[in-house]
Amino acid sequence: MAIIFKPSPSLPPPVTSVGAVAWVRQNLFSSPLNIFLTLFSIYILYLLLPPVIEWALINATWEGSSKAACTAGGACWAFIGVYFDQFMYGLYPEAETWRINLAVILLVVMVGAFAIKTINKLYLSIAIIVAYPIVAYFLFAGGVFGLEVVETSLWGGLFLTVLLGVIGIVASFPLGIVLALGRRSEMPIAKSVCVVFIETIRAVPLITILFMASVMIPLFLPEGLNFNKLLRVLIGITLFSAAYMAEVVRGGLQAIPKGQYEAADAMGLTYWQSMILVILPQALKLVIPGIVNSFIALFKDTTLVYIVGMFDFLGRIQAANHDSNWLGTTVEGYAFAALIYWVICFGMSRYSMALERKLETGHKRN
Amino acid sequence: MTDTNMARAQLAQGEEAIIEFNDVNKWYGDFHVLKNINFSIKKGERIVVCGPSGSGKSTMTRCINRLEEHQKGTILVDGVEMNNNLKNIEAIRKDVGMVFQHFNLFPHLTILENLTLAPIWVRKTPKKEAEEMAMHYLERVKIANQALKYPGQLSGGQQQRVAIARGLCMQPRIMLFDEPTSALDPEMIKEVLDVMVQLAEEGMTMVCVTHEMGFAKTVADRVVFMDAGEIVEANEPHEFFDNPQHDRTQMFLSQILNH
């Protein structure tokens, strides 16, 4: 008779190694140093948090028409309330701000539609990339269907910030990819053009580029051939960001093993087919953290347009700080700016992490 | 297969060479890696290339689909000269499948997508047809149940079988194998070799760089021994193993067979 092997039954893990108590033990009180750091952090929070909460919430003033109304000793949020529309839309005519809201809602709906399973993703992408910008442009600028014309010089506030950021990101991404491919190309002319472009733009501060775009270019252009300042600034930001993006993407391209290029070649794929179908999907996935890093940096760098006389979100807040009715509200203004920038940038960061998880195929096991 | 293809295949069945190396030379910088290679392979022939590392055997094989460029001499594949003409190269690559040492599957695509990529984009096969063909070849390498997984979820032996199926999906006239079992655990080598033996029995023209001497003995029509960039000896397996002509071959065989 053969002896039949029966595995011993599995026992539950000891209580001390699972649950909240175990987590606290392992992470907060695992060693004398850890205990000290935990207690020290709690003490620091105890010192810092109550005054901040008191200032920002308990003693804050939420309504009023001037700084004089803020007597409780806390934050003067009334300032933000009064100026809120200007912070959001700049000097865009108040009666027309619905056009901006509509464009934003439209974009949110279209992007949200990706979640619907039955929808054709290709058509949706084309609609967002091609049709939406045209619709949005006419909504913002007006001049058709009886919409009042709104000069771009009136565009401002968070609207301008998001506009610069989004267009900069959307336009610099493909341009950066093309530059990165060009830099790794074996064609000497394409390669040198890309290298010179990237190295020149990277060696120049963004402020210089913005000055060039807003002040210098009109001087060189013949009379009458002057185009919109916002457009010039946008092109400047896009080119600047594309140079950085190119180097991020190049890092990804270099990380792809040579075998992947060879396998694609050996199948008879053309250069563009192998790049688009095989190499770029892998390379871009690898450098998502770097790409998002560039996007976040670009988004915050758009505040520099303040220097060439465009009042974006931060610019509007700074301008409002000079209102004689509201002198002494600088902290509130900057705190509000910090909060909004943080929400947007943190959102981008979380989105990129979710995207990385979604695209992960290497170690997934069923 | 279309009628013209069929006719061409029958025509070639005789003595016609499908791959021809004429005085091929190649350098990596100053290093002379291929020296005066003269060799021709007939349709349906199974060639095993062996030799010590650095002898140029991989390089020679990779010249056939121009993953490597040679600098002197001519290489004719299927009657087409491999030169800088991109159209020729792409046309030949459609007809030459390749299997690599490290599989080189595309990790971001499922197994099925790996197989259908080239048929859909290079041969312009409709997606449905390409998928049916892919499933057919996956069944042949006994791995159809993994079609929707990603390469990272498969073992090395499974990945290499997928790579072979991927090559076959283009319905190539020639298959190149560049050390297909060198990166595998011993127990996985057999499953890959089994697929290759099966392929050989069906009459595929094969050029295989390998150290699997058992495979060479049972499958090869000719065994080619290379050293220092030259073809030292090429002979039928029986002659090659039992009666090697050159002392260099004898030494190599004694090292590789007696360990």
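1. A:Leu47 has a relative accessibility of 44% and therefore counts as partly exposed. The structure under review is a predicted model. A:Leu47 belongs to helix α2 of chain A, which spans residues 32-58. A:Leu47 also takes part in a nonpolar surface patch of about 970 Å². The other contributors to this patch are A:Leu33, A:Phe36, A:Leu37, A:Phe40, A:Tyr43, A:Ile44, A:Tyr46 and A:Leu48.

2. The interface between the two chains merits separate comment. Here 22 residues of chain A are in contact with 26 residues of chain B. About 2100 Å² is buried between the chains, and carbon and sulfur atoms give 59% of that area. On the chain B side, the residues that lose the most area to chain A are B:Phe106, B:His108 and B:Gln153, which together account for 26% of what that side buries.

3. Polar and charged pairs across the interface are as follows. Five residue pairs, both members at pLDDT 80 or more, are in polar contact between chain B and chain A. The count of salt bridges between the two chains is one. That salt bridge joins the side chains of A:Glu262 and B:Arg62, with an N to O distance of 2.4 Å. Three elements of chain B give two or more residues to the side that touches chain A: α3 (86-95), β6 (96-99) and α4 (111-121). Helix α4(B) gives the most, with four residues.

4. On the chain A side, A:Gln282 offers a residue-level view of the interface. This glutamine lies in helix α11 of chain A, residues 271-286. Its relative accessibility is 9%, so A:Gln282 counts as buried. Leaving aside residues up to four places away in sequence, A:Gln282 touches A:Ile256 and A:Gln260 as well as B:Pro107 and B:His108. B:His108 is also one of the chain B residues that lose the most area to chain A.

5. Over all chains, the structure holds 22 salt bridges. One of these pairs A:Arg202 with A:Glu247, whose closest N and O atoms are 3.7 Å apart. The pair links distant parts of the chain, since A:Arg202 is in helix α7 (residues 188-202) and A:Glu247 in helix α9 (residues 229-255) of chain A, 45 residues apart. A:Arg202 is partly exposed, with a relative accessible area of 32%, whereas A:Glu247 is buried at 16%.

6. In chain B, B:Asp95 and B:Arg123 form a salt bridge with a closest N and O separation of 3.3 Å. Because B:Asp95 lies in helix α3 and B:Arg123 in the loop between α4 and α5 (127-140) of chain B, the pair ties together parts that are 28 residues apart in sequence. B:Asp95 is buried, with a relative accessible area of 19%, while B:Arg123 is partly exposed at 33% relative accessibility.

7. A further chain B salt bridge connects B:Glu191 and B:Arg161, the closest N and O atoms being 3.0 Å apart. B:Glu191 is in helix α7 (residues 186-201) and B:Arg161 in helix α6 (residues 156-168) of chain B, so this pair links parts of the chain that are 30 residues apart. B:Glu191 counts as partly exposed at 25% relative accessibility, whereas B:Arg161 is buried, with a relative accessible area of 10%.

8. Finally, salt bridges that share partners join A:Arg183, A:Glu199, A:Arg202, A:Glu247 and A:Arg250 into one network.

Technical notes: Residues numbered from 1 in each chain as written. Chains lettered and ligands numbered in written order. Predicted model: local features only at pLDDT ≥ 70, side-chain atom pairs only at ≥ 80, totals over all residues. Heavy atoms only, no water. Patch = residues over 30% accessible without salt bridge, like charges linked within 9 Å, V, L, I, M, F, W, Y side chains within 5 Å. Areas by Shrake-Rupley, 256 points an atom, 1.4 Å probe, with all protein chains shown as cover. Salt bridge = Lys/Arg side-chain N within 4 Å of Asp/Glu carboxyl O. Buried < 20%, exposed > 50% of the residue type's maximum accessible area, 1.4 Å probe, protein only. Contact = heavy atoms within 4.5 Å. Buried area = accessible area lost by both parts, 1.4 Å probe. Polar contact = N/O pair within 3.5 Å; in protein donor to acceptor, adjacent residues only side chain to side chain.
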